[in-house]
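Hi,

Here is the structure I promised to pass on. Have a look at it first, and then read my notes underneath.

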Amino acid sequence: MYIQTQFVLALIVFLELKRREKGRLESFTRMTKVYPNASFTGGVPPCKAEMEEVMTVWKKSLIFNCNGFTVFDGKGDLVYRVDNYMEGNKGSILLMDANGKALLTLRRKKMSLGLGDNWLVYEGEETMAIPRLSVKKSLNIFNNKCLAYVTAGESDGRNNKTMYEIEGSYSRRCCAVSDDRRRLAAEIKRKEGGRGVAFGTDIFRLVVQPNNIRTDFAMALVILLDQMF
């Protein structure tokens, strides 16, 4: 009888707490919905909110025993997947949409004398065509803020103009991607959970300015930063 009474009291307290919190807390299932921080866009003017896309990046594949990324849009819908890079086989990475269609292929390019870390980005699964982007890890000791440079096509290190420059700290999930006119194209930010919910570095936000960079290109840069650092 005592146990039943305690159970009833506990149930009453639980229901009361749920009533008070109704409309304020948003539940999510970790395997299917990882939402961006709702407070982030709440105070942003409509014109700015419409110009940018806020995605939540989860450094985890939904496929068992496979490394990768899972990316959700602001509504919690799956938009990008990376399921195919395993330990010991990171020379080629495939960025897919929610249905598993190949969007971009990222392939490491071997550098002479082992200097730098250079990757080529191809459309779809085609790696015989001219690459769309070349991403090179920065080795400039006089500019330690710069993480990587992005050029069009297959960079020869001399003639290709820099399209994007990535600065910040990937390990801290605090990076900014700027175009050749120094306009902000994308940002990597720590995800701040509400009500005391703490997120580690495996879950973070990717904020993209679609007018300045393609969203799949921005996600490709995230993947390559993860490889380089």
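Below is what I found, going from the whole chain down to single residues.

First, a caution: this is a predicted model, so please read everything here in that light.

**The chain as a whole**

The chain has 229 residues, and 39% of them count as buried. Its secondary structure comes to four helices and twelve strands. If you look at contacts with a separation of 6 or more, 34% of them link residues 24 or more positions apart. The accessible surface is about 13800 Å², and carbon and sulfur atoms account for 54% of that.

**The core**

In soluble globular proteins, nonpolar side chains tend to be buried together. Here, the largest nonpolar core has 39 residues, and Phe69, Leu106, Ile166, Leu206, Ile213 and Met219 have the most contacts inside it. Helix H4 (residues 215-228) supplies the largest share of this core, with ten residues.

**Strands E1, E2 and E3**

Phe69 brings us to strand E2, which covers residues 69-72. Phe69 and Val71 point one way from this strand, while Thr70 and Phe72 point the other way; all are buried. E2 has a partner in strand E1 (residues 53-58), and the two pair in the antiparallel sense over three bridges. E2 also pairs with strand E3 (residues 78-82), again antiparallel, over four bridges.

Val71 is a handy residue to click on. Its bridge partner in E1 is Val57, and its bridge partner in E3 is Tyr80. E2 and E3 form a hairpin with five residues between them, and Gly76 in the turn has a positive phi of about 90 degrees.

**Strands E7, E8 and E9**

Now jump to strand E8 (residues 146-152), which is mostly covered, with five of its seven residues buried. Strand E7 (residues 133-137) pairs with E8 in the antiparallel sense over five bridges, and Lys136 stands opposite Tyr149 in E8. E8 and strand E9 (residues 162-169) also run antiparallel, joined by five bridges. One pair to look at there is Val150 with its bridge partner in E9, Tyr164.

Ile166, one of the core residues with the most contacts, touches quite a list of residues beyond its sequence neighbours up to four places away. Among them are Cys146, Leu147, Ala148 and Val150, as well as Cys175, Leu221 and Leu225.

Lys145 is on that list too. Lys145 sits in the loop between E7 and E8 and counts as exposed, because its relative accessibility is 57%. Leaving aside neighbours within four places in sequence, Lys145 is in contact with Ile166, Glu167 and Gly168. The C-alpha atoms of Lys145 and Ser169 are separated by 7.7 Å, although these residues are 24 apart along the chain.

**The cysteines**

How many disulfides does the count come to? The count is zero. Cys174 and Cys175 are worth a look on this point. The closest cysteine sulfur to that of Cys174 is in Cys175, at 6.7 Å, so it is too far for a bond. The reverse also holds: the closest cysteine sulfur to that of Cys175 is in Cys174. The cut-off used for a disulfide is 2.5 Å between the sulfur atoms. Cys175 itself is buried, with a relative accessible area of 5%.

Over to you now. Enjoy exploring!

Notes. Residues numbered from 1 in each chain as written. Predicted model: local features only at pLDDT ≥ 70, side-chain atom pairs only at ≥ 80, totals over all residues. Heavy atoms only, no water. Buried < 20%, exposed > 50% of the residue type's maximum accessible area, 1.4 Å probe, protein only. Pairing = 2+ DSSP bridges. Contact = heavy atoms within 4.5 Å. Areas by Shrake-Rupley, 256 points an atom, 1.4 Å probe, with all protein chains shown as cover. Core = buried A, V, L, I, M, F, W, Y, C linked by side-chain atoms within 4.5 Å.
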